[in-house]
Protein chains: 4
Amino acid sequence: MTINKIKTPIVILNFKTYLESSGENALNLAKDLESAAIESGITMAAAPQATDIFRITQETDIPILAQHIDPINPGGHTGSNLIDCMIESGIKGTLLNHSEKRMKLSDIDEVIKSSKERDVFSVVCTNNIETSVAAATLNPEFVAVEPPELIGSGIPVSQAEPEIVEGTVAKVKKINKKTEVLCGAGISTGDDMHAALDLGASGVLLASGIILADNPKEALINLVSKI
Amino acid sequence: MTINKIKTPIVILNFKTYLESSGENALNLAKDLESAAIESGITMAAAPQATDIFRITQETDIPILAQHIDPINPGGHTGSNLIDCMIESGIKGTLLNHSEKRMKLSDIDEVIKSSKERDVFSVVCTNNIETSVAAATLNPEFVAVEPPELIGSGIPVSQAEPEIVEGTVAKVKKINKKTEVLCGAGISTGDDMHAALDLGASGVLLASGIILADNPKEALINLVSKI
Amino acid sequence: MTINKIKTPIVILNFKTYLESSGENALNLAKDLESAAIESGITMAAAPQATDIFRITQETDIPILAQHIDPINPGGHTGSNLIDCMIESGIKGTLLNHSEKRMKLSDIDEVIKSSKERDVFSVVCTNNIETSVAAATLNPEFVAVEPPELIGSGIPVSQAEPEIVEGTVAKVKKINKKTEVLCGAGISTGDDMHAALDLGASGVLLASGIILADNPKEALINLVSKI
Amino acid sequence: MTINKIKTPIVILNFKTYLESSGENALNLAKDLESAAIESGITMAAAPQATDIFRITQETDIPILAQHIDPINPGGHTGSNLIDCMIESGIKGTLLNHSEKRMKLSDIDEVIKSSKERDVFSVVCTNNIETSVAAATLNPEFVAVEPPELIGSGIPVSQAEPEIVEGTVAKVKKINKKTEVLCGAGISTGDDMHAALDLGASGVLLASGIILADNPKEALINLVSKI
């Protein structure tokens, strides 16, 4: 079993900063992802808060992502996230430019480059087709398109705005065959994920729909049940 | 021995984002602080990167501070530092408004308040007498005055600009008797620390002078040798 | 008549970035303020967008404030607001730290100082009693307290939370007798303004209630009718 | 004579926030650009501070650019730059994402779109080939590539790193034929500009080299003397 490998279709769970996904709860949620990955054979990755990365990588085998990496080199940058420190704690990838942590264009470029040099894969979050294409030219492993108005809405982008997923896949692939497209925003059921893959996405980026579920593991199994 | 208590004089080491104070090196540096605290009887606290907090609190007994806390409540704040998560990982205090991570006035107020509610002590970094007084009105446990031009300079503020330390102590105490004043910027020797305490400071906030020392533990013992 | 003098009680109208207060409309609104000032004998000042400062100072005699000044010296700061340039265009004062443009503590300190050196008065906006006191220690001419939840609500702070206005006046005066307190957020009628002055405020900071009024001049005359 | 038309080769002078290019000095500098445009027949445009836009558009006929536009709609955005207000004051174009005012990727996208809707041309500043290509996918009229280490250095990018100018032109044109490439950083003489055009650039973005020249008009005439 290779639950620690990145293969598509992929489910990435952004833990954000909920209490339900902090500390001990974060560890339990990561274990749910691990069980669901073993049971389903689908890659499941977690993006916990920086403070929780180490304890999760010590106790689970799933791929762990940072939620954000700062465009800095080692040195005097109090309060910032240094990629080398996060790698030593076990990250394999990172989210970048999340709608709750938008980044400057030049910083996205810089962090993708330093991630590549260190074999860390990057998932650049974007808000529409145009910024997805712009991000894809910078050569990240993934672009995750999430229309901001649907984030946390419970309305799946794959149903509400399928043309955004389809259009992003088509235009990103034209620019850069190696960048895979994920979709986020409102995805939570097996039907949503099925629709997303049908539209050409290589996986999904999720958050509150799973984090706040009564039974996250069951919700994850349900999510991948129609692939 | 009570190395996990906050008593003055205090030495706080800001680990910043040096490779020499990241990951395994961060853990070793924290152990050096612990040994020096035991040997000297002086309180020594560490402010490591968020990613390293958990592993350090698991293996040492010294007080651990966050380098920064974001003004957020639990929820959707990807890439931010949630106080509750950091507390669960073991922080006892936090730096705020470091010169490398300056904060908005309203955010400093908000984070001091949420820290107090959770018994986390706050150390507000400031750049001069005026901002030290403004910060002191917000009732943090400590203000750490650091003239920016001396940070990382190797020139100790206690010698180069003693009037800033003395003036800060005098004016802060006039506003708020409960806020203690630390000084930073350029402090590294026993003479520097002695001078700082003589000027009325309750301790020091250090970084590169110790982090990059050939023998950090020895440097720490030397630092507190003339108290 | 001395409508260009700053005396209390004062009415300051923040033009924000409404179309109704941009360009030609901004000029007309400033002329309404001027008429109302002449008619009522009350000081009325305008804080238009940077782009509109020059044309308004050319055609009216009321005091003009910047909405924001950046903490910079002359030089390479593309896209920033240089105090010297704004003074040459005729500003007499500036808003700082508005809830829509919060500033770092150290930057508020820096801009108040450079304003004082150039005889520009500063109005520091704040969100509660605590930050008002902190701001007052930095010695601005005015603090304008505006609970964020009431901004643009139409609910006047002087009625909804009179204790905030009263408390701010009492605590600010204890720290710094020279700093006057304004109140904002939801003020629009003569009763609101009367209540604000009764609570110890030296004037009001207004925006949408006047900008979007059918007849701004009439609304201004009404506002000061019960002083 | 059509000095108010945008045709290439173009010279754009970023006034930044120098005293030498503020207020009355800004107006004089704009008149120097105008004289040089008339004398040389080359398009010369100015990007003054927001505060100076109106007075310059009133007294000169050259195209005026904003230094920055904020990603906002009309409403409550104190201290921001609203495109509609700037258009009313006469801008024809705007710089975006200058190295001194870097923008988030999603904000660059948003402001290019609202500029296009209003027939305002945009010049997106970039730091290398990769970010130039990313910016070009967003369809601005111009990309201005400026290696940050050369800005204000006096070392012309067209000589120090010609491969950056050439590479940017080649890769941008491959993505988007309609986006023209400018180069900046260190350009000041006729040879520099000649080299830039030879490398495929459609013009130059300048600042201190002209602003601080003893005789700016002469420097401008010299700059375009070898086209």
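Start by selecting chain A and chain B together: 97% of the interface residues of chain A are also interface residues in chain B, so the copies meet through the same surface. Keep in mind as you click around that this is a predicted model.

**Stop 1: the A–B pair**

With both chains still on screen, try superposing them. Chain A can be laid on chain B by a turn of 180° and a shift of 0.0 Å along the axis, with an RMSD of 0.0 Å. The two copies are thus related as by a two-fold rotation axis. Want a landmark for that axis? Pick Thr51(A): of the residues of chain A, its C-alpha comes closest to the rotation axis, at 2.3 Å.

**Stop 2: where A and B touch**

Now colour the contact residues. You should get 37 residues on chain A, in contact with 36 residues on chain B. Between them the two chains bury about 3000 Å², with 54% of that on carbon and sulfur atoms. Which residues of chain A lose the most area to chain B? Select Thr17(A), Thr51(A) and Thr78(A); together they make up 25% of what that side buries. Thr51(A) should look familiar, as the residue of chain A that comes closest to the rotation axis.

Next, switch on the polar interactions. The rule finds 18 residue pairs in polar contact across the interface of chain A and chain B, counting pairs with both residues at pLDDT 80 or more. Salt bridges are another story: the rule finds 0 of them across this interface.

Show the cartoon and look for helix H2 (50–59) and helix H3 (83–88) of chain A, the elements that give two or more residues to the side touching chain B. H2(A) supplies the largest share, 6 residues. Colour that side of chain A by residue type and you'll get 11 nonpolar, 18 polar and 8 charged residues.

**Stop 3: the sheet inside chain A**

Hide chain B for a moment and follow the strands. Chain A has an open sheet of 8 strands with parallel pairing, in the order S2-S1-S8-S7-S6-S5-S4-S3. At the edges stand strand S2 (43–47) and strand S3 (65–66), each with a single partner strand, so one side of each is left without a neighbour in the sheet.

For a closer look, zoom in on strand S5 (residues 121–126) and strand S6 (residues 142–145) of chain A, which run parallel and are joined by 4 bridges. Select Cys125(A), and you can find its bridge partner in S6(A), Ala144(A).

**Stop 4: over to chains B and C**

Bring chain B back and add chain C. Here the contact takes 19 residues from chain B and 19 residues from chain C. The area buried between them is about 1500 Å², and carbon and sulfur atoms give 68% of it.

How many salt bridges does the rule find across this interface? There are 2 between chain B and chain C. To see a salt bridge up close, select Lys113(B) and Glu130(C), whose side chains meet at 3.4 Å, N to O. The count of residue pairs in polar contact between chain B and chain C is 6, both residues at pLDDT 80 or more.

On the chain B side, highlight helix H4 (105–117) and helix H5 (129–136), the elements giving two or more residues to the surface that touches chain C. That side divides into 8 nonpolar, 6 polar and 5 charged residues.

**Last stop: the pairs that don't touch**

Finally, show chain A with chain C. No contact joins them, and their closest C-alpha atoms lie 16 Å apart. Then swap to chain B with chain D: no contact joins these two either, with the closest C-alpha atoms 16 Å apart.

Technical notes. Residues numbered from 1 in each chain as written. Chains lettered and ligands numbered in written order. Predicted model: local features only at pLDDT ≥ 70, side-chain atom pairs only at ≥ 80, totals over all residues. Heavy atoms only, no water. Least-squares fit on C-alpha atoms with pLDDT ≥ 70 in both. Contact = heavy atoms within 4.5 Å. Buried area = accessible area lost by both parts, 1.4 Å probe. Salt bridge = Lys/Arg side-chain N within 4 Å of Asp/Glu carboxyl O. Polar contact = N/O pair within 3.5 Å; in protein donor to acceptor, adjacent residues only side chain to side chain. Nonpolar A, V, L, I, M, F, W, Y, C, P; charged D, E, K, R; others polar. Pairing = 2+ DSSP bridges.
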